[in-house]
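Me: I should like a close look at one part of this protein, followed outward to the parts around it. Please give a single connected account that I can read beside the model.

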Amino acid sequence: TTFTIPAAAVALYINGRPYGAVSSFHWTSVTPHKAVPGIDSLEAQELIPVGAAINGGFDLYRITGSGGMEGLGVTTQYDKMASLRYFVLQLIDLRNDTIIFQARSCVSESQSWAAAVRGLVTGSLAFSGLTWDNEAAA
């Protein structure tokens, strides 16, 4: 039997710690290829991989006293940017403890925050990573 995964059953973990204030998460794997022509031929004979990357982002609610992205260890204060460390993101299906997405060696590309009148403080973070996998790797 095949079941879809309800988003409410998925939790975001950052550096192995659950972070429950996420309203959405998206990712894109990029695996570009280059056409290689054959000898004495203008026609491409093969497509070869020329790199791989993962990027994405998530939207979240600001929690009082959390320190935002800096408090999560996802990015750092401006004066410490040279010592920024990688982080790990995991989306886990809580119904069966399955990792449905995992990105390692990630860095924060940007973050933005908004404070709407009579609303909540919300933010978004864009990330890039070096490696990724999912439950198919198990």
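Reply: W27 lies in strand β3, which covers residues 22-30. The model is a predicted one. With a relative accessible area of 37%, W27 is partly exposed, because that value falls between the limits of 20% and 50%. Beyond the four places on either side of it in sequence, W27 is in contact with I54, N55, G56, L91, F101 and F127. A further tryptophan, W132, is 105 residues away from W27 along the chain, yet the two C-alpha atoms are separated by 10 Å.

Two of the partners of W27, namely L91 and F101, lead on to other residues. L91 is also in contact with T98, and F101 is also in contact with Q90.

Q90 has its place in strand β7, residues 87-93. Its relative accessibility is 15%, so Q90 counts as buried, the limit being under 20%. Sequence neighbours within four places aside, the contacts of Q90 are A11, L12, Y13, I99, F101 and Q102. With Q102 there is also a polar contact, made between the two side chains at 2.5 Å.

T98 is placed in strand β8, a strand that spans residues 98-115. At 24% relative accessibility T98 counts as partly exposed. The contacts of T98 outside its neighbours within four places are L91, I92, D93 and E135. The side chain of T98 is joined to that of N96 by a polar contact of 2.8 Å. A126, by contrast, is 28 residues from T98 in sequence and 24 Å from it in space, C-alpha to C-alpha.

Further along strand β8 is S105. The phi angle of S105 is near 55°, a positive value in a residue that is not glycine. Most residues other than glycine have a negative phi. S105 is partly exposed, with a relative accessible area of 25%.

S108 is likewise in strand β8. At 16% relative accessibility S108 counts as buried, because the value is under 20%. Leaving out residues up to four places away in sequence, S108 touches V74, T75, F87, L125 and A126. A126 thus appears here as a partner of S108, whereas its C-alpha is 24 Å from that of T98.

One of the residues touched by S108 is T75, which is found in the loop between α1 (68-72) and β7. Although T75 is in a loop, it counts as buried, with a relative accessibility of 9%. Its contacts, apart from neighbours within four places, are M69, E70, M81, L84, S108 and Q111. T75 and S29 are 46 residues apart in sequence, and their C-alpha atoms are 22 Å apart in space.

A second loop residue presents the opposite state of exposure. R118 lies in the loop between β8 and β9, the latter being residues 121-133. R118 counts as exposed at 86% relative accessibility, because that value is over 50%. Its phi is near 60°, which is again positive in a residue other than glycine.

These details may be set against the whole chain. The protein has one helix and nine strands. In sequence order, its elements follow the pattern β-β-β-β-β-β-α-β-β-β. Of the contacts with a separation of 6 or more, 60% are between residues 24 or more positions apart.

As to overall dimensions, the radius of gyration is 19 Å, whereas a compact globule of 138 residues would have one near 14 Å. The C-alpha trace spans about 65 × 50 × 30 Å along its principal axes. Among the 138 residues, 25% count as buried; Q90, S108 and T75 are residues of that class.

The accessible surface comes to about 9,200 Å², and carbon and sulfur atoms account for 54% of that area. The protein has 8 positive and 11 negative charges, and the mean positions of the two sets are 15 Å apart.

Key:
Residues are numbered from 1 along each chain as its sequence is written. This is a predicted model: local features need pLDDT of at least 70, side-chain atom pairs count only at pLDDT 80 or more; totals for chains, interfaces and linings use all residues. Side-chain values use heavy atoms; hydrogens and water are left out. Helices (H or I, at least four residues) and strands (E, at least two) are DSSP runs, numbered from the N terminus. Buried means under 20% relative accessible area, exposed over 50%, partly exposed in between (1.4 Å probe, protein chains only). A polar contact is a pair of N or O atoms within 3.5 Å; within protein, one must be able to donate a hydrogen and the other to accept it, and residues adjacent in sequence count only if both atoms are side-chain atoms. Contact means heavy atoms within 4.5 Å. The radius of gyration is taken over C-alpha atoms; the globule rule is 2.2 Å times the number of residues to the power 0.38. Accessible areas come from the Shrake-Rupley method with a 1.4 Å probe; for residues, only the protein chains shown count as cover. Lys and Arg count as positive and Asp and Glu as negative; His and the chain ends are not counted. The place of a charge is taken as NZ of Lys, CZ of Arg, CG of Asp or CD of Glu.
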